[in-house]
Amino acid sequence: MSTLLPFARRPRPAPAGAGRAPSAERFISIEGIARRYPAPGGRATTIFENLWLPVRRGEFVCMVGHSGCGKTTVLNILAGLDAPSEGTVIVDGQAIGGPSLDRAVIFQGHALLPWRSVLGNVAYAVSSRWPRAKRAEVEARARKAIATVGLAGSEHKRPAELSGGMKQRVGIARALSIDPKILLMDEPFSALDALTRGTLQDEVRRICIETGQTVFMITHDVDEAIYLADRIVLMTNGPEAKVAEIVENPLPKARDRTQLHHAPGYYALRNHLMDFLVTRSKTLRDEGMPAGYDPRRPPVIRPALSEADAAAIAGAGPDILRA
Amino acid sequence: MRIAMGLRAGLLSLALLAALLLVWQVAVGGIARTEAMDPEYAALMGQTATTGKSAMPGPMDVAATLWKHLKDPFYDHGPNDKGLGIQLAYSVSRVALGYGLAVLVAIPVGFLIGMSPLMSRALDPFIQILKPVSPLAWMPLALYTIKDSSLSAIFVIFICSLWPMLINTVFGVSGTRREWLNVARTLEVGPVRRAFTVILPAAAPTILTGMRISIGIAWLVIVAAEMLVGGTGIGYFVWNEWNNLSITNVITSILVIGLVGMVLDQGLARAQRLVTFPE
């Protein structure tokens with residue numbers, strides 16, 4: 001175990017400022033953030049304001065919404081790459097003040113450094129996390145992360161020699177290698193073909209379940225959200241986007257991507273999400289939120305199951321998904 | 001197919017060279033004797049006029065001179081008679097010094113400007129005005145302030161190498177992809193490590209392009225500068241041989257200047273290939 005010592009979690013400063021004990025319910029707490037951009041005429045365009053969102057520890061949250069609703073801005077604020085115009089984000093009891101190794105980002109465009117090999121890219125992250133670790137330890141840890149995403153044997157290839165899917169795997173390995181508290185993903189699979197996307201979704205799901213990782217992911221893809229997420233956050237159209245609701249995924253944790261559409265409750269959930277994206281995301285913005293909407297506590301919804309679905313879930317449990 | 005192409009290009013080059021040499025030989029060889037002239041006038045005109053041979057040396061003369069220089073490049077028979085190797089060594093070392101100083105200034109300053117939009121805007125007018133100034137225009141100022149002709153030549157090389165490197169470094173540094181910088185930011189990489197591990201490799205191909213342009217300009221300018229300051233160097237050698245009316249030596253120098261310039265450029269081209277990354 002002593003060889004692993006350099007990789008022990010760094011001692012973290014005690015939570016400061018927030019004045020609130022971190023709870024499992026609010027591992028990440030987005031508290032009233034706004035983002036405005038200067039617009040012509042001295043006014044400001046508000047992408048979103050007064051946005052509140054809690055994320056539980058170990059939860060996989062997908063944010064879904066149309067382009068321009070500020071999804072990427074929310075993720076960049078969580079990553080610390082962008083600062084909110086108002087409000088704060090509290091992670092594990094501490095207000096965030098910038099980028100942190102605790103929050104790893106998987107970028108949409110993989111963002112590998114092209115002059116480094118696969119191993120070099122991952123080792124760069126590892127040595128940033130543990131600056132005093134010995135070279136061999138850094139390399140060992142990088143190799144382990146590369147093996148986790150199924151790229152063992154390609155360590156010495158350059159990113160230019162890899163396919164799009166393999167590049168994104170390296171991006172995932174790089175994010176996982178630093179043992180982050182939170183994984184942030186900005187449409188990580190949108191640039192990949194359907195087959196590769198499916199395989200990578202499987203990998204990500206397996207890894208996240210194995211490690212109990214807290215994940216915040218942005219996607220356009222409703223099926224991706226259904227397959228991966230524990231909860232799905234729906235955003236109304238921007239500007240002045242709002243968290244319309246948080247949808248609990250009724251599907252059991254054990255999911256098989258290829259059989260997902262046979263799962264009870266799948267269509268109820270999918271129809272709910274599609275209805276939202278097709279019509280409600282626009283009408284909610286144009287006609288205003290329903291009475292009683294409290295931006296501090298966005299409604300949490302469990303899509304109504306048909307009786308057959310409910311019976312199937314109650315009776316057969318998760319095994320039905322494996323059929 | 002590529003080998004065949006290379007072979008064909010090589011053969012064509014050789015054929016062109018042969019044709020050029022032939023035309024040269026024929027052009028300077030003289031075809032017929034000039035008509036008989038008054039012997040006294042002929043004596044005044046020198047042998048070339050009477051034999052119908054041009055004063056311009058032929059390729060064989062140049063080859064013989066070149067061979068003579070190559071056989072003994074480092075002799076030193078006083079200030080006006082030094083081997084070609086010694087003269088080249090003077091020029092190359094002046095270029096190396098001035099160019100080296102320019103690298104030491106241009107790259108850090110370029111980083112500073114490239115990383116700071118404020119500095120970039122503030123320094124832009126200076127660069128825009130100083131960049132188009134012929135390096136030789138600095139010569140009187142350099143001679144007056146430095147009071148040493150050899151150092152002045154080095155200064156002129158410095159000033160002419162500076163701008164392309166500076167501008168390319170700024171361009172390369174400010175053009176570092178945002179996503180790579182964001183990777184460094186999310187990994188909490190400090191500014192110094194970020195400069196060396198992200199920005200430098202990302203900007204290196206552009207910086208090397210600037211360095212390559214600079215070495216070309218420096219090698220162009222050193223000949224002119226040495227013609228002005230005199231004393232030593234390949235530029236002085238050319239001017240001195242012009243005063244000696246030794247066109248053979250002038251042509252030989254031109255060839256040698258071209259060859260050295262090519263070597264300098266190819267050296268940097270190789271360095272550039274080393275730092276270029278495929279995307």
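## The four-stranded sheet of chain A

In what order do the four strands of the open sheet in chain A lie? The order is β2-β1-β4-β5, and the pairing is antiparallel. The structure described here is a predicted model. Because β2 (44-55) and β5 (94-95) of chain A each have a single partner strand, they stand at the edges of the sheet, and one side of each is left without a neighbour there.

At one of these edges, β5(A) pairs with strand β4 (residues 86-91) of chain A in the antiparallel sense, over two bridges. Within this pairing, A95(A) of β5(A) is the bridge partner of I90(A).

## The seven-stranded sheet of chain A

Chain A also contains an open sheet of seven strands, ordered β6-β7-β8-β3-β9-β10-β11, whose pairing is mixed. The edge positions belong to β6 (103-106) and β11 (300-301) of chain A; each has a single partner strand, so one side of each lacks a neighbour in the sheet.

A parallel pairing joins strand β3 (residues 60-64) and strand β8 (residues 214-219) of chain A over five bridges. One residue of this pairing is V64(A), whose bridge partner in β8(A) is T219(A).

## Two helices of chain B

In chain B, the axes of helix α11 (residues 234-243) and helix α12 (residues 247-275) come within 9 Å and cross at roughly 160°. An angle over 145 degrees counts as roughly antiparallel, and α11(B) is therefore roughly antiparallel to α12(B). The crossing of α11(B) past α12(B) is left-handed.

On the side of α11(B), the contact is made by I234(B), F237(B), V238(B), E241(B) and W242(B), while α12(B) contributes N249(B), V250(B), S253(B) and I257(B). By character, the residues of this contact divide into six nonpolar, two polar and one charged.

## Where chain A meets chain B

Which elements of chain A give two or more residues to the side that touches chain B? They are β6 and α2 (118-129) of chain A. In the contact between the chains, 18 residues of chain A touch 15 residues of chain B. The largest share of the chain A side comes from α2(A), which gives three residues. Strand β6(A) thus appears in two settings: it stands at an edge of the seven-stranded sheet, and it also gives residues to the side of chain A that touches chain B.

The residues on the chain A side of this contact divide into 14 nonpolar, three polar and one charged.

Technical notes:
Residues numbered from 1 in each chain as written. Chains lettered and ligands numbered in written order. Predicted model: local features only at pLDDT ≥ 70, side-chain atom pairs only at ≥ 80, totals over all residues. Pairing = 2+ DSSP bridges. Axes fitted to C-alpha atoms, helices over the stretch in contact; angles between N-to-C directions. Parallel < 35°, antiparallel > 145°, perpendicular 65-115°, else oblique. Left-handed = near helix turned anticlockwise from the far one by under 90°. Contact = placed C-beta atoms within 7 Å. Nonpolar A, V, L, I, M, F, W, Y, C, P; charged D, E, K, R; others polar.
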